[in-house]
Amino acid sequence: MLVVGAAGKTGRAVTSALAARDVQVRAALHSAARSGEAYAAGARSVAVVDLTTGSGLDEALVGVDAVYHLAPNVHPDEVGIARRVAKAAVRAGVERFAFHSVLHPDDTSMPHHLRKAEAEEVVRAVVPTATVLRPAAYHQNLLGAAMAGSMAVPYSLDAPFSNVDLGDLAEVAAEALTTAGHEGRTHELAGPEVLSVRDQAAVAAQVLGRRVEAIRIDIEAWSAGPGAGLDRQARADLLAMFASYDRSGLVGDPSVLADLLGRRPRTWADALRPS
Ligand SMILES: NC(=O)c1ccc[n+]([C@@H]2O[C@H](COP(=O)([O-])OP(=O)(O)OC[C@H]3O[C@@H](n4cnc5c(N)ncnc54)[C@H](OP(=O)(O)O)[C@@H]3O)[C@@H](O)[C@H]2O)c1
């Protein structure tokens, strides 16, 4: 199976979940320099592709039965990338295709969500049997900060989120690619609890047994700090996302994930405990 973006945070998790099922994974990478990360996650081979031009895709898909496609975060050409990967998968005759979307892709307040909605349409038009996963934000986004004792975000500390565990998401991805019954379906993947960043810090303090603070940083400080290295569009996408989080957080239906996993999904406290 080919995992696109396999050296990234999500791609490594999906690669590991597939490798745990003895699936031979080929990692599609932007640069061979990240091969070590893909092999460490369990990939058996690597292929270098450029998603913005499609170069390397046909070669990467030789002998491949199934594809997990995810786009680089807030990429301006998300829709074109989805079209290129889906068409190449059809050319190669793959049996299964899964697309990594996002929770509430039709939320008009977030341009990068709308690009995912359009990418979903493109994928479904090219591969009608594709499975679409719509994950909430991951527990793992704030795990490092919680471990370090300071969770600083540029949006309301009281906004509600039903975050999902990356391991649970990867397990669903592996299930969708290796078992029948997911063809043409869309799975909304929200975690089992609704917590604000302030709640998450309190849970982290309890689980870790040390002080964990939640801090709201202002948008100007974010733009001059973590956001400074981003290009204009990525920064604008994320600023729109923070404004949306401020208004309503990001909450989804928790029932689907539990049904798909056949067990209780991992909570924020579970993510904080070493497995
Ligand atoms: N984080 C969340 O909570 C969350 C929730 C729901 C959905 N998502 C979605 O999940 C997706 C993946 O997020 P992530 O955080 O796992 O991303 P990531 O860690 O940034 O990984 C993206 C991968 O894509 C590769 N890449 C970038 N440009 C490329 C190109 N032109 N050709 C080929 N490969 C290229 C990157 O390789 P290099 O680094 O080597 O360039 C990287 O390995 C995004 O679409 C995001 O919207 C994320």
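These are my notebook entries on what I looked up in this predicted model.

**Entry 1, the annotated region.** I began with the record, where an unreviewed UniProt entry carries the annotation "domain: NmrA-like" over residues 2-252. Over residues 2-252 I read the chain as 43% helix and 15% strand, with the end C-alpha atoms 29 Å apart.

**Entry 2, the ligand.** I then turned to the ligand and noted that, of the 24 residues around it, Thr10, Arg34, Ala71, Lys116 and Asn141 come nearest. Next I went through the side chains that place an N or O atom by a polar atom of the ligand. For Asp50, the partner is a nitrogen atom of the ligand, at 3.1 Å. For His100, the partner is an oxygen atom of the ligand, and the distance is 3.1 Å. For Asn141, a ligand oxygen atom lies 2.7 Å from an N or O atom of the side chain. I also looked up the area of the ligand: taken alone it exposes 930 Å², of which the protein buries 82%.

**Entry 3, helix α4.** For α4, residues 78-92, I checked the length against the geometry: at 1.5 Å a residue, the 15 residues should span 21 Å, and since the end C-alpha atoms are 21 Å apart, the two agree. Which residues of α4 are buried? I found Glu78, Val79, Gly80, Ile81, Ala82, Val85, Ala86, Ala88 and Ala89 to be buried, and the buried residues of this helix pack against β1 (2-4), α3 (57-60), β4 (66-69), β5 (96-100) and α5 (111-126). After α4 comes Gly93, whose phi is positive, near 75 degrees.

**Entry 4, Val74, His104 and His112.** I looked for positive phi values in residues other than glycine and noted Val74, with phi near 40 degrees, and His104, with phi near 55 degrees. Val74 sits in the loop between β4 and α4, while His104 sits in the loop between β5 and α5. Are these two residues buried or partly exposed? Val74 is buried, because its relative accessible area of 12% is under the 20% cut-off, whereas His104, at 28%, is partly exposed. From Val74 I went on to His112, which lies in helix α5 and is buried, with a relative accessible area of 10%. Leaving aside neighbours within four places in sequence, I found His112 in contact with Val74, Asp237 and Met241.

**Entry 5, the loop between β7 and α7.** I looked up two residues here, Ser162 and Asp165. Ser162 is buried, with a relative accessible area of 1%, and Asp165 is buried too, at 3%. What does Ser162 contact, apart from neighbours within four places in sequence? I listed Ala136, Ala190, Gly191, Glu193, Val194, Leu250, Val251 and Gly252. With Gly252 there is a polar pair, in which the backbone nitrogen of Gly252 lies 2.8 Å from a polar atom of the Ser162 side chain. I also took one distance across the chain: Ser162 and His30 are 132 residues apart in sequence and 31 Å apart in space, C-alpha to C-alpha. Asp165, not counting residues up to four places away in sequence, touches His139, Gln140, Arg266 and Ala271. With Gln140, I noted a polar contact from side chain to side chain, at 3.0 Å.

Key: Residues numbered from 1 in each chain as written. Predicted model: local features only at pLDDT ≥ 70, side-chain atom pairs only at ≥ 80, totals over all residues. Heavy atoms only, no water. Expected span 1.5 Å × (residues − 1). Buried < 20%, exposed > 50% of the residue type's maximum accessible area, 1.4 Å probe, protein only. Contact = heavy atoms within 4.5 Å. UniProt positions renumbered as here; feature names shortened; annotations may be inferred. Near = heavy atom within 4 Å. Polar contact = N/O pair within 3.5 Å; in protein donor to acceptor, adjacent residues only side chain to side chain. Areas by Shrake-Rupley, 256 points an atom, 1.4 Å probe, with all protein chains shown as cover.
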